[in-house]
Amino acid sequence: MASFNLLYLPGDGIGPEVMAEVKKIVAWMNAQGIARFETDQGLVGGSAHDAHGKAISEADMAKAQAADAVLFGAVGGPKWDKVPYDVRPEAGLLRLRKDLGLFANLRPAICYPALADASSLKKNVVEGLDILIVRELTGGVYFGEPKTITDLGNGQKRGIDTQVYDTFEIERIARVAFDLARTRRNKVSSAEKRNVMKTGVLWNEVVTRIHKEEYASVQLEHVLADNCAMQLVRWPKQYDVIVTDNLFGDVLSDVAAMLTGSLGMLPSASLGAPDAKTKRRKSLYEPVHGSAPDIAGTGAANPIAMIASFGMALRYSLAMGEWADRLDAAISAVLADGLRTRDIASETAPANATTTQMGDAILKALQSRA
Ligand code: NAD
C-alpha cells in the first residue's frame, strides 16, 4: 500500500474549519487501507506569529521540506494587520513558496453542472468547462530588478518594474504544462505578448522549441495574452491547458476562476522541480480563498475548495488519480443533490448546509464510490 507524508498547515480564520473536513477524508482513507497517510501538523500565518513571533517556524519549514504534500488552509486576519511586514501572516506562505521552489501554480476552472446557472456567463458557455491555467510563480515582473520609485527632482517620480525571464524558467514551466496536457485533452495554449514585449518573444521561442524537441505529439497554439482574456469570457471551452507568465497568469487565472462561481469552490496546487533521484516534486495545495474573517467561527465556510485541493494532491503528488476522480465525482453529486453553503446558494437552491454538513455529505458520497 502506498505510504505518504502529509503536512497540514491550517493557518487562521476559516483555514482550520475547512481543513477539518479534509482530515475526515484522510482518516477514512487510512481506516479503509486505501493509502497510508502519515500526517503531521504545523502552524502558519497569524497562529504561528502568536506562538513563535514569526509566520512559520524553522521546525515547520523542515516538516514542509520533508512532506510528500503540504496542505495549506489560509492565513491572515485583522488581529495581525499591524504586525511588522517581515513577520506578517502572508510571509509564511511566501517563505514556503520560495524555499520549496514552487515555480508552477496550477489553477483549474471546472464548472460543476449543478452550478452552471450560477455563472455570470450563459449556461451553454460554461457548462462542462474543465480548463487548467499553469502560471509561472517565482519569476517575471513581480520579482525582476530594478524595482524602484525614483524622485526625478522636477516634481515627477518614476516607477520601474522589470519583467525578466531566463530560458530555464520558461523551459521548466513549459514542461509542466505539456506533461499535464498529456494527462488531459493534449492541448497547450501558450499566452504572452510577443508583439510588444521581449520576454514574450523569448517565451514564444522557448515554448516552441521545447514542444518541437520533447512534446511534438501535444497540440500547441500561441495566443496573445489580451486575446486569451477575451477568449476566456467568449468561449472558454476552446482551451485545455493555458501556460503563461506570472503577471498574465495572475490575471487570467482570476478571470477563469470567476467563470465558474464562488471563491469557496476554487482549489490550487503549486509544484516545484522534480527531485533528481526520487522524481517527486515539492508541492503545496491550497484553496484560492483567504481566511474569511467575516465568517470565521460561524460554520458558513464552504469546504469544497480545500477538499478539491486535497483532490489535486491525490492527482499530482500521490499518484492516486483514480481517487481524485472519485472525490470530484462525490463533490459533483453532493452539489447535484442541492446541498449548498451560503456562498453558492441561489434562489432555486437556498443555503442549507454548514461547513461540517457539506464535508460529511462529500465523505458519504465518496464512501459510496469506494
Ligand atoms: P477572503 O478570500 O478571505 O474572503 C473574501 C470573501 O469571500 C469574504 O466575504 C469571505 O467570507 C468569502 N469567502 C472566502 N472563502 C470562502 C469560503 N470557503 N466559503 C464561503 N465564503 C468564502 O479574502 P479577504 O476578505 O480579502 O481577506 C481576508 C484575509 O485573508 C486577509 O487577511 C487576507 O490578507 C487573507 N488572504 C489570505 C490568502 C491566503 O492565505 N492564501 C489569500 C487571500 C487573502
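Which backbone N or O atom lies 2.9 Å from a nitrogen atom of the ligand? I began my notes on this predicted model with that question, and I found that the atom belongs to N302.

**Entry 1, ligand contacts.** Having placed N302, I looked up how much of the ligand is covered, and the protein takes up 67% of the 800 Å² of accessible area that the ligand has on its own. I then went through two further polar contacts: a polar side-chain atom of D294 lies 2.8 Å from an oxygen atom of the ligand, and a backbone N or O atom of G77 lies 3.1 Å from an oxygen atom of the ligand.

**Entry 2, the shell.** I counted 21 residues around the ligand, of which E90, G290, A292, D294 and N302 come nearest. Sorted by class, the shell around the ligand holds 10 nonpolar, 7 polar and 4 charged residues. I also asked which secondary-structure elements contribute to it, and noted that β3 (69–74) and α4 (89–99) each supply at least two residues of this shell.

**Entry 3, the sheet.** I next traced the open sheet, which is formed by 10 strands with mixed pairing, in the order β2-β1-β3-β12-β11-β4-β5-β10-β8-β9. At its edges I find β2 (36–41) and β9 (219–224), each with a single partner strand, so one side of each is left without a neighbour in the sheet. Ignoring direction, I note that neighbouring strands of this sheet are turned by 25 degrees against each other on average.

**Entry 4, strand β10 and its partners.** I followed β10 (residues 241–244) in the sheet order, where this strand stands between β5 and β8. Strand β5 (residues 130–136) runs parallel to β10 and is joined to it by 4 bridges, and in this pairing I recorded I242 of β10 as the bridge partner of I133. Strand β8 (residues 187–192) also runs parallel to β10, again with 4 bridges, and here I saw V188 standing opposite V241.

**Entry 5, side chains of β10.** Which residues of β10 point one way, and which the other? I wrote down V241 and V243 for one direction and I242 and T244 for the other, and all of them are buried. I set this beside the general rule that in a regular strand the side chains alternate between the two faces of the sheet.

**Entry 6, the antiparallel pair.** Finally I checked β5 against β4 (residues 104–110), and these two strands run antiparallel and are joined by 7 bridges. As one position in this pairing I noted A104, which stands opposite E136 in β5.

How values were computed
Residues numbered from 1 in each chain as written. Predicted model: local features only at pLDDT ≥ 70, side-chain atom pairs only at ≥ 80, totals over all residues. Heavy atoms only, no water. Near = heavy atom within 4 Å. Polar contact = N/O pair within 3.5 Å; in protein donor to acceptor, adjacent residues only side chain to side chain. Areas by Shrake-Rupley, 256 points an atom, 1.4 Å probe, with all protein chains shown as cover. Nonpolar A, V, L, I, M, F, W, Y, C, P; charged D, E, K, R; others polar. Buried < 20%, exposed > 50% of the residue type's maximum accessible area, 1.4 Å probe, protein only. Pairing = 2+ DSSP bridges. Axes fitted to C-alpha atoms, helices over the stretch in contact; angles between N-to-C directions.
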